[in-house]
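These notes are meant for a colleague who is opening this structure for the first time. Please keep the view at hand while reading the points below.

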Amino acid sequence: MSMCEFVAVTRPGYNSSELKKTVNSLNESYRGRITFLEIPALSISSTDIRHRVLSGQTIKYLVPSPVEEYILKFGLYSPDFNSIPEADAINARLHSVLTPKRYKHTQGVAEESAKLAKRYGADIKKAYTAGLLHDCAKCFTDGEKLKLCRAYGVELDDVLKAQPDLTHSFLGARIAEAEYGIRDKDILNAVAYHTTGRENMSLLEKIVFIADLIEPNRDYYKGLDKIRKLAYNNIDDAVISGLERTIEYNRERKRVIHPLGIKALEYLKEEKNEQH
Ligand SMILES: [Fe+2]
Ligand SMILES: [Fe+2]
């Protein structure tokens, strides 16, 4: 109020005597800053616009066309929108905390996840969001990661203590929830298990796990082409291949393999055998 001049416009059905009362109750210095404008009764309210979008009715002529395009493009006011913050806001924040290379990788994983979601009939927006956030805790040093794990209550087993970088996925899920406002459990789990996998992964978890391994900006590694091909053919085969590759890669580097990854692999192989 101290910075702006306000123009108050009337809405259909306003009560002029109520309005006068309200205005008169305002502090003198504020009252002088408000100009009242009576406009013809055109009933446009934001609530009405939201309801129209929600129920699939047009909002043409109720908002300027760039606003209409924006609302539709970002799926604002759609039933699941309120539970997932806008990608723009997440992106801006990630851009400021990640290295340029990591940020580019993040964009690649988000887009690949969305493509995979489309292929397998998963929720595209959830896949895109999970892809964007999967490495949101990767930017911290090992020391910071361990400290944050304690602060956020991420349980540190021996494997994680020995390899603090591995905490970035579990920690990432907590940070996605607390700092990026993600409430959707499936998205949070896809972030949490994108490195190790786990038994009985959801489709979204599999999608982000694979997208992380095959996104277009990934440096070449042995087996990449095979996983890329499998990814769009049979997601389970792709995850099996991805897990085998991750386990082999870590063995070669004499790292301890996280038991979650081994269990994830056993689970998928068993499930596959049962199908045959
Ligand atoms: Fe990661
Ligand atoms: Fe990643």
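1. His 105 is buried, at a relative accessible area of 9%, where buried means under 20%, exposed over 50% and partly exposed in between, with a 1.4 Å probe and protein chains only. The model is a predicted one, in which local features need pLDDT of at least 70 and side-chain atom pairs count only at pLDDT 80 or more, while totals for chains, interfaces and linings use all residues. Residues are numbered from 1 along each chain as its sequence is written, chains are lettered from A and ligands numbered from 1 in the order in which they are written, and side-chain values use heavy atoms, with hydrogens and water left out.

2. The iron ion (ligand 2) has as its protein donors His 105 (NE2), His 134 (NE2), Asp 135 (OD) and Asp 212 (OD), at 2.2 to 2.3 Å. Donors are N, O and S atoms within 2.8 Å of the metal (3.2 Å for Na, K and Ca), and since water is not among the atoms, sites may look incomplete. Along the chain, the donors of this ion follow the spacing H-x28-H-D-x76-D. His 105 belongs to helix α6 (residues 100-120) and Asp 212 to helix α12 (residues 203-214), so the pair ties together parts that are 107 residues apart in sequence; helices here are DSSP runs (H or I, at least four residues) and strands likewise (E, at least two), numbered from the N terminus.

3. A second metal should be read together with this site: the iron ion (ligand 1) lies 3.3 Å from the iron ion (ligand 2), and Asp 135 coordinates both.

4. Asp 212, which is buried at 8% relative accessibility, also forms a salt bridge with Arg 218, their closest N and O atoms being 3.7 Å apart. The term stands for a side-chain nitrogen of Lys or Arg within 4 Å of a carboxyl oxygen of Asp or Glu. Arg 218 is partly exposed, with a relative accessible area of 28%. Salt bridges that share partners also join Lys 138, Asp 142, Lys 145 and Asp 165 into one network.

5. Within that network, Lys 145 pairs with Asp 142, with 4.0 Å between the closest N and O atoms. Being three residues apart in helix α8 (residues 142-152), the two are separated by about one helical turn. Lys 145 is buried at 2% relative accessible area, whereas Asp 142 is partly exposed at 38%.
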